[in-house]
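Biologist: I am new to this structure and would like a close look at a single part of it. Please take one helix and its surroundings, and then move outward from there.

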Amino acid sequence: MTDLITRRNRTIGPYSPLFYDEPLEFVTAKGVWFTDVHGEKYLDGYNNVPHVGHCNDRVVKAMCDQAQRLNVHTRYLNARVVEYSEALLATFEPRLDRVFYGNSGSEANELALRISRQLTGAKGLIVSDFSYHGTTISLAEMTTGLTTREPLAPHVRTLRIPDLDADPRTEDEVLTETLADLDAAIASLQESGHGISACLFDWLFSTEGMPRLPEGLVAGIAERVKAAGGMVIADEVQSGFGRTGTHMWGYQRVGLSPDLVTLGKPMGNGHPMSAVITSAGVMDEFGPNNEFFNTFAGNPVSAAVGQAVLDEMADKNLMEQARSLGETALSQLQRFADEYDFVRTAKGAGMFLGLEFVRDTQPAPDLTKRVVEAMKAKHVIISRIGRDDNVLKVRPPLAFGPEELPQLLGALGESLTELEV
């Protein structure tokens, strides 16, 4: 492995980080299981990109069958692409009835920002003060949750997303202050001449650590942005496709009506796919001035793969399974929080869950890292997130089932028992 890491550093470089103190080298994967170079199996409790399971038979067959038949430039007519578009849009409310295709979540968010700028005539943008939405230069200039050399762009304002679990004030006090901060950010953009084009959030605020929000905060953000002339963008790359168990899309869980919705690679089970979902009115305003197309985004092979993902979700009732398993898992995680002083609370919904670690009420990222490493030693893969890197991140493929949940929770329970604070 040391030789492979050295070769990787000489080619890819050391700045594309690997997980774990001692990286894992996987050679095969199936369903929710990895196999490493030594033949050891690991339960995947982290990777949402292979949404319906690693190397899913239905998805692989659809990809191969279509690739052997036709894969063509998107400016030719193809029934499979249209049929998939109809099926994908049917998962949204009727108002959202148009789709642009891309190859990555970064591309989708970039396009959504481009559309919002053109339709509003403004450039200003609101994001959270700990967020990540992609890798292009315009997205790097608004990234606050990772290290980038690009400084925050002058047309970007940040909003701190509160967490009632970590804030001693009343819910009303937290709500009032956060919305006042938003009003100030909007006013600053207007006074500086940037105006406001949009706000862009993953409305579960998963990168931020899945905070518990004051009632009315999401609606208040959307109302204020729209009143100022901006558009509301929902980034569904992490929270979409039934992951929360109660709704197909994360923004639906918080009662939002976005103007633009961005999707990423889970829609293709890891195949390079993305999309921007919007309305006919938005597309009709953007389209006449932009001959937008992407040579191979939304091609027949991608359409076949995307359809296979939707079919697999429906046939195996994966969203309902996520709801049921999520309730069981969240209940056990909360028992851990009740049992251990260093665990503040359990977070999340469906198959997107977290456990927050503290020491004397202060974030304890060192404890979170030790649990992640301990779980690896027990052959269970998880990660961590949050402003302070102190929230355990459980976000497995949606194919994760009732057979695997006891192993994940058992390994976690053992890891917590072994933890010396």
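Modeller: What follows starts at helix H2, goes on to its neighbours, and then turns to the hairpins and to helix H6. Keep in mind that this is a predicted model.

Helix H2 runs over residues 57–69, which makes 13 residues. From its first C-alpha to its last it reaches 18 Å, close to the 18 Å expected at 1.5 Å a residue. Its N-terminal end is capped by Asn 56, which places a side-chain oxygen 2.9 Å from the backbone nitrogen of Arg 58.

Which residues of H2 are buried? They are Val 59, Ala 62 and Gln 66. Seen down the axis of H2, these buried residues fall within an arc of 65°, so they line one face of the helix. The face turned away from that buried side carries the exposed residues Asp 57, Lys 61 and Gln 68. What covers the buried residues of H2 includes helix H3 (79–89) and helix H10.

Two cysteines belong in this account, Cys 55 and Cys 64. A search of the whole structure finds zero disulfides. Cys 55 is in no disulfide, and the nearest cysteine sulfur, that of Cys 64, is 11 Å away. A disulfide needs the two sulfur atoms within 2.5 Å, so at 11 Å the sulfur of Cys 64 is too far from that of Cys 55 for a bond. Cys 55 counts as partly exposed because its relative accessibility is 44%, and Cys 64 counts as partly exposed at 39%.

H10 (300–315) leads on to Asn 299, which sits in the loop between helix H9 (280–286) and H10. Asn 299 is buried, with a relative accessible area of 6%. The side chain of Asn 299 reaches the backbone nitrogen of Val 301 at 2.9 Å. Leaving aside residues up to four places away in sequence, Asn 299 touches Asn 71, Val 72, Thr 74 and Val 81.

Earlier in the chain come the hairpins. Strand E1 (residues 26–30) pairs with strand E2 (residues 33–36) in the antiparallel sense, over four bridges. One of the pairs joins Lys 30 to Trp 33 in E2. Two residues lie between the strands of this hairpin, and Gly 31 in the turn has a positive phi of about 65°. E2 also pairs with strand E3 (residues 41–44), again in the antiparallel sense, over three bridges. Here the bridge partner of Trp 33 is Leu 43 in E3. The hairpin of E2 and E3 has four residues between the strands, and Gly 39 takes a positive phi near 85°.

The last part is helix H6, residues 171–191. H6 has 21 residues and reaches 30 Å from its first C-alpha to its last, close to the 30 Å expected at 1.5 Å a residue. Its buried residues are Val 174, Leu 175, Thr 178, Leu 179, Leu 182, Ala 185, Ile 186 and Leu 189. They cover an arc of only 120° around the axis, which puts them on the same side of H6. Their packing partners are strand E5 (125–128), strand E6 (156–159) and helix H7 (217–227). On the face turned away from the buried side are the exposed residues Asp 172, Thr 176 and Glu 191. Just after H6, Gly 193 takes a positive phi of about 90°.

Technical notes:
Residues are numbered from 1 along each chain as its sequence is written. This is a predicted model: local features need pLDDT of at least 70, side-chain atom pairs count only at pLDDT 80 or more; totals for chains, interfaces and linings use all residues. Side-chain values use heavy atoms; hydrogens and water are left out. The expected span of a helix is 1.5 Å times one less than its number of residues. Buried means under 20% relative accessible area, exposed over 50%, partly exposed in between (1.4 Å probe, protein chains only). The arc is that of the directions from the helix axis to the C-beta atoms. Contact means heavy atoms within 4.5 Å. A polar contact is a pair of N or O atoms within 3.5 Å; within protein, one must be able to donate a hydrogen and the other to accept it, and residues adjacent in sequence count only if both atoms are side-chain atoms. Two strands pair if DSSP finds at least two bridges between them.
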